[in-house]
Amino acid sequence: MPAVDDILFSRRRAERFAQLLDEANGGRRHHTRSRVDDQLAPLVAVGQRLTAERPTVEVDPKFRTSLRAMLVATAEREGVGVPATGAATEPAGERTSGTRSLLPAVTARRARARGAILIGVASGAIAVSGISAASENAVPGDALYGMKRSTERAQLALASSDMSRGQLFLDFARTRLGEAAELRGDHAGFSAVLDDMDADTRQGVRLLTTAAVQRSDMAGLDAVNAFVDGQRHAVSDLLDGAARADRERTHQSLALLDTVRERSDALRAAIGCNLPAPVASDALGPAPTACPGAR
């Protein structure tokens with residue numbers, strides 16, 4: 001659990017960021033200057049750029065609807081837009097404390113700060129969603145490729161379970177395969193993308209096989225097998241007309257997919273014969289022992 005000082009510091013940074021963002025968008029200027037202004041300046045600049053340089057990409061209406069629902073729920077939870085109560089009806093005799101008389105003003109400032117943050121999140125999220133859509137076909141070396149990978153990291157951060165994260169990693173492996181197809185002939189770029197593809201494959205398989213063993217549920221293994229079947233066929237297509245070095249590198253990825261399928265089948269058999277959860281594990285997740293009597 002974070003220390004109280006850390007929580008207060010983070011809150012102050014968030015409130016100061018909201019002030020700076022409000023000022024940058026033409027709001028009332030604050031006369032105070034914070035020691036974190038220099039650290040927050042790049043973030044404010046990014047917020048302005050996202051709004052000013054919004055790409056001409058249509059935002060999915062479903063995204064707009066879900067974003068609005070999220071913002072409304074957050075506003076209700078945080079009390080944004082709700083007037084402070086008790087200030088007008090409080091008897092004068094109860095306002096003798098200087099601290100108490102400041103509470104409504106402090107609450108109002110925090111509400112405005114939270115409101116500014118929500119507005120910034122809304123405009124930034126819509127702009128980022130457009131940039132993300134524009135970056136879908138980017139490959140290493142393109143200007144938007146960094147945004148594409150950042151969007152993937154954000155998806156992982158928002159995933160609600162290991163099963164979801166595992167599926168995402170396998171989706172990213174499919175994406176890397178598409179990028180590799182665009183980079184044939186550039187051995188360094190081609191090899192680097194296949195390295196990333198194999199890393200995503202291992203991460204996804206490890207999460208899904210671990211979930212399958214922990215739950216004694218075949219769903220994770222079914223997802224792994226479906227991935228291997230489609231991916232192996234698509235990776236094999238990279239061999240057509242490829243140079244010798246690219247063919248050798250492609251065979252390494254094919255060998256990994258064969259190993260993944262063997263692991264999935266072994267785990268399926270182990271779960272089927274009610275073996276205890278494997279103790280040993282490696283980059284592909286749990287490493288099962290053979291069922292009794294199996295050859």
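Visitor: As what does Glu-248 count at its relative accessibility: buried, partly exposed or exposed?
Guide: This is a predicted model in which local features need pLDDT of at least 70, side-chain atom pairs count only at pLDDT 80 or more, and totals for chains, interfaces and linings use all residues. Residues are numbered from 1 along each chain as its sequence is written, and side-chain values use heavy atoms, without hydrogens and water. Buried means under 20% relative accessible area and exposed over 50%, with partly exposed in between (1.4 Å probe, protein chains only). Because its relative accessibility is 45%, Glu-248 counts as partly exposed.

Visitor: With which residue does Glu-248 form a salt bridge?
Guide: A salt bridge places a side-chain nitrogen of Lys or Arg within 4 Å of a carboxyl oxygen of Asp or Glu. The partner of Glu-248 has a relative accessible area of 67% and is therefore exposed. The closest N and O atoms of the pair are 3.3 Å apart, and the partner is Arg-244.

Visitor: In which helix do Glu-248 and Arg-244 both lie?
Guide: Helices (H or I, at least four residues) and strands (E, at least two) are DSSP runs, numbered from the N terminus. Glu-248 and Arg-244 are 4 residues apart, about one turn of the helix, which covers residues 244–272 and is called H9.

Visitor: How many helices and strands does the protein have?
Guide: Along the sequence the elements follow the pattern α-α-α-α-α-α-α-α-α-β-β. The counts for the protein are 9 helices and 2 strands.

Visitor: What percentage of the 295 residues in the protein do buried residues make up?
Guide: Two examples of buried residues are Glu-179, at 2% relative accessibility, and Arg-176, with a relative accessible area of 0%. Among the 295 residues of the protein, the buried share is 33%.

Visitor: How far apart are the closest N and O atoms in the salt bridge of Glu-179 with Lys-148?
Guide: The structure holds 16 salt bridges, and this pair links distant parts of the chain, 31 residues apart. Glu-179 belongs to helix H6 (residues 162–182), while Lys-148 belongs to helix H5 (residues 145–158). Lys-148 has a relative accessible area of 8% and is therefore buried. In the salt bridge between Glu-179 and Lys-148, the closest N and O atoms lie at a separation of 2.8 Å.

Visitor: How many residues apart are Arg-176 and Glu-179, which both lie in helix H6?
Guide: Arg-176 also forms a salt bridge with Glu-179, with 2.9 Å between the closest N and O atoms. Within helix H6 the spacing of Arg-176 and Glu-179 is about one turn of the helix, or 3 residues.

Visitor: Which residues are linked with Arg-176 and Glu-179 in a network of salt bridges?
Guide: One member of the network is Lys-148, which forms a salt bridge with Glu-179. Besides Arg-176 and Glu-179, the network holds Lys-148, Arg-149, Glu-152, Asp-196 and Asp-200.

Visitor: Which helix is the place of Asp-200?
Guide: At 9% relative accessibility, Asp-200 counts as buried. Contact means heavy atoms within 4.5 Å. Leaving aside neighbours within four places in sequence, Asp-200 is in contact with Phe-169, Leu-170, Phe-172, Ala-173 and Arg-176. The helix that holds Asp-200 covers residues 187–215 and is H7.

Visitor: Is H6 roughly parallel or roughly antiparallel to H7?
Guide: Axes are lines fitted to C-alpha atoms, for helices over the stretch in contact, and angles run from 0 to 180 degrees between N-to-C directions. Angles under 35 degrees count as roughly parallel, over 145 as roughly antiparallel, 65 to 115 as roughly perpendicular and the rest as oblique. H6 and H7 pack at about 160°, with their axes 8 Å apart. Therefore H6 and H7 are roughly antiparallel.

Visitor: Within what distance do the axes of H6 and helix H8 come?
Guide: Helix H8 covers residues 219–236 and crosses H6 at roughly 0°, so H6 and H8 are roughly parallel to each other. Their contact includes Leu-170, Ala-173 and Arg-174 of H6 and Phe-227 of H8. The axes of H6 and H8 come within 11 Å.

Visitor: How far apart in space, C-alpha to C-alpha, are Phe-227 and Leu-257?
Guide: Phe-227 lies in helix H8 and counts as buried at 1% relative accessibility. Leaving aside neighbours within four places in sequence, Phe-227 is in contact with Leu-170, Ala-173, Arg-174, Thr-201 and Leu-257. Phe-227 and Leu-257 are 30 residues apart in sequence, and their C-alpha separation is 9.2 Å.
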